[in-house]
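Visitor: I would be grateful for a close look at one part of this chain, with its setting in the whole made clear. Please take the part that carries the salt bridges.

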Amino acid sequence: MHDDRSLVEARLKRVLEERIRPAVYPESAPLEVAVWHAPDEPVPVAEGLAGTPEPIEVP
């Protein structure tokens with residue numbers, strides 16, 4: 001059987017560098033979240049758009 005270890009490691013390194021590392025976001029950004037509690041469902045579109053969202057804290 002052939003020893004393809006160096007070939008496999010090179011492919012893994014390429015995938016890591018080209019696909020995985022660029023997809024990782026190490027920095028985070030603050031996010032503001034607000035919620036509007038619907039009185040009942042379904043809610044007419046006009047009522048939903050006119051609702052006032054209240055800020056909430058996310059743990």
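Guide: From the N terminus on, the elements of this predicted model follow the order α-β-α-β, giving the chain two helices and two strands. The part requested is helix H1, which spans residues 5-23.

The structure holds two salt bridges. One of them joins Arg 5 to Glu 9, with 2.8 Å between the closest N and O atoms. Both residues belong to helix H1 and stand four residues apart, about one turn of the helix. Arg 5 counts as exposed because its relative accessibility is 58%, and the cut-off for that class is over 50%. Glu 9, at a relative accessible area of 41%, is partly exposed.

The other salt bridge is formed by Glu 17 and Arg 21, whose closest N and O atoms are 2.3 Å apart. Here again the partners lie in helix H1 with a spacing of four residues, about one turn of the helix. Glu 17 is partly exposed, its relative accessibility being 39%. Arg 21 is likewise partly exposed, with a relative accessible area of 47%.

Helix H1 also contributes to a nonpolar feature of the surface. Val 15, a residue of this helix, joins Leu 16, Ile 20 and Val 24 in a nonpolar surface patch of about 300 Å². Val 15 has a relative accessible area of 36% and is therefore partly exposed, since that class lies between the 20% and 50% limits.

The remaining helix, H2, covers residues 45-50 and includes Gly 48. Gly 48 is partly exposed at 31% relative accessibility. Between Gly 48 and Leu 12 there are 49 Å in space, C-alpha to C-alpha, for a separation of 36 residues in sequence.

The dimensions of the whole chain provide the setting. Its radius of gyration is 24 Å, whereas a compact globule of 59 residues would have one near 10 Å. Along the principal axes, the C-alpha atoms fill a box of roughly 70 × 25 × 20 Å. Buried residues account for 0% of the 59 residues. The chain exposes about 6,200 Å², and 57% of this area is supplied by carbon and sulfur atoms.

Charge completes the description. The chain has 6 positive and 12 negative charges, and the mean positions of these two sets are 24 Å apart.

Notes
Residues numbered from 1 in each chain as written. Predicted model: local features only at pLDDT ≥ 70, side-chain atom pairs only at ≥ 80, totals over all residues. Heavy atoms only, no water. Patch = residues over 30% accessible without salt bridge, like charges linked within 9 Å, V, L, I, M, F, W, Y side chains within 5 Å. Areas by Shrake-Rupley, 256 points an atom, 1.4 Å probe, with all protein chains shown as cover. Salt bridge = Lys/Arg side-chain N within 4 Å of Asp/Glu carboxyl O. Buried < 20%, exposed > 50% of the residue type's maximum accessible area, 1.4 Å probe, protein only. Rg over C-alpha atoms; globule rule 2.2 N^0.38 Å. Lys, Arg positive; Asp, Glu negative; His and termini not counted. Charge placed at Lys NZ, Arg CZ, Asp CG, Glu CD.
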